[in-house]
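Please go through this model from the chain outward and back again. Start with a single residue in a loop, then widen the view.

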Amino acid sequence: MCLLAVVALAEPAAAQFPLFQQPGQPGALLDPQELEQPRRAPLTITPSLAITGEYNDNIFLDNRNRVSDFIIGFTPGLAIVAERPTYRFGAGYSFTAELFTT
């Protein structure tokens, strides 16, 4: 009987009722689904470029005839993202070209 009284008098937890206030409107209760989301572009293209440098003291992996070199790498890339309300598609491509300064 005591358990039945506790269940009947129990109130829902505060976490079950999300309350959000928008700045400038004190006391205004908003539904989280109705909050304005930042708009994203339906198609985003992002180019990239990476430049790397490396010093190698034995480029041919031959301990009897060691040859050192400074290697410069260029890595251009491109990323494409398409967004719609029901899906998000992303693809990217990059490659590396290296220059040996011998």
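Leu 61 is exposed, with a relative accessible area of 75%. That value is over 50%, so Leu 61 falls in the exposed class. Leu 61 sits in the loop between strand 1 (43-56) and strand 2 (69-83). Its backbone also deserves a look: phi is positive, about 55°, although Leu 61 is not a glycine. The model is predicted, so local features here need pLDDT of at least 70.

**The loop between strand 1 and strand 2**

Is Asn 58 buried or exposed? Asn 58 is buried, at 6% relative accessibility. The cut-off for buried is under 20%, so 6% meets it. Asn 58 belongs to the loop between strand 1 and strand 2, and Leu 61 lies in the loop between these strands too. Leu 61 is exposed at 75%, whereas Asn 58 is buried at 6%.

What surrounds Asn 58? Leaving aside neighbours within four places in sequence, Asn 58 is in contact with Asn 63, Arg 66 and Val 67. There is also a link to the backbone. A polar atom of the Asn 58 side chain lies 3.2 Å from the backbone nitrogen of Asp 62.

Asp 57 is placed in the loop between strand 1 and strand 2 as well. Asp 57 is partly exposed, at 41% relative accessibility. Beyond its neighbours within four places in sequence, Asp 57 is in contact with Arg 66, Val 67 and Ser 68. Take Ser 68: it is 11 residues from Asp 57 along the chain, yet the C-alpha atoms are separated by 4.0 Å. Arg 66 and Val 67 appear in the contacts of Asp 57 and in those of Asn 58.

**Salt bridges**

How many salt bridges does a search of the whole structure find? The search finds 2. One involves Asp 57, the loop residue described above, and its partner is Arg 66. The other joins Arg 88 and Glu 83. Arg 88 is exposed, at 57% relative accessibility. Asp 57 counts as partly exposed, at 41%.

| Basic residue | Acidic residue | Closest N and O atoms |
|---|---|---|
| Arg 66 | Asp 57 | 3.7 Å |
| Arg 88 | Glu 83 | 3.8 Å |

The cut-off for a salt bridge is 4 Å, so the Arg 66 and Asp 57 pair qualifies at 3.7 Å. The Arg 88 and Glu 83 pair qualifies at 3.8 Å, because that distance is also within 4 Å.

**Pro 42 and its partners**

Pro 42 lies in the loop between helix 1 (2-9) and strand 1. Pro 42 is partly exposed, with a relative accessible area of 49%. Which residues does Pro 42 contact, leaving aside its neighbours within four places in sequence? They are Val 81, Ala 82, Glu 83 and Arg 84. Glu 83 is also the salt-bridge partner of Arg 88. Arg 84 is 42 residues from Pro 42 along the chain, and their C-alpha atoms are separated by 6.4 Å.

**A nonpolar patch**

Leu 43 lies in strand 1. Leu 43 joins Ile 45, Leu 78 and Ile 80 in a nonpolar patch on the surface. Together these residues have about 350 Å² of accessible area. Strand 1 and strand 2 are the elements that give two or more residues to the patch.

**An aromatic pair**

The structure holds 1 aromatic pair. Tyr 93 and Phe 95 form it, with ring centres 6.3 Å apart and 40° between the planes. The pair is tilted, because 40° is neither under 30 degrees nor over 60. Tyr 93 is exposed, with a relative accessible area of 60%. Phe 95 is partly exposed, at 42%.

**The chain as a whole**

Now the wide view. The secondary structure comes to 1 helix and 4 strands. From the N terminus on, the order is α-β-β-β-β. The chain has 102 residues, and buried residues make up 8% of them. Asn 58 is one of the buried residues. The chain exposes about 9200 Å², with carbon and sulfur atoms supplying 60% of that area. Among contacts with a separation of 6 or more, 42% are between residues 24 or more positions apart.

Methods:
Residues numbered from 1 in each chain as written. Predicted model: local features only at pLDDT ≥ 70, side-chain atom pairs only at ≥ 80, totals over all residues. Heavy atoms only, no water. Buried < 20%, exposed > 50% of the residue type's maximum accessible area, 1.4 Å probe, protein only. Contact = heavy atoms within 4.5 Å. Areas by Shrake-Rupley, 256 points an atom, 1.4 Å probe, with all protein chains shown as cover. Phe/Tyr/Trp six-rings, centres within 6.5 Å; stacked < 30°, edge-to-face > 60°. Patch = residues over 30% accessible without salt bridge, like charges linked within 9 Å, V, L, I, M, F, W, Y side chains within 5 Å. Salt bridge = Lys/Arg side-chain N within 4 Å of Asp/Glu carboxyl O. Polar contact = N/O pair within 3.5 Å; in protein donor to acceptor, adjacent residues only side chain to side chain.
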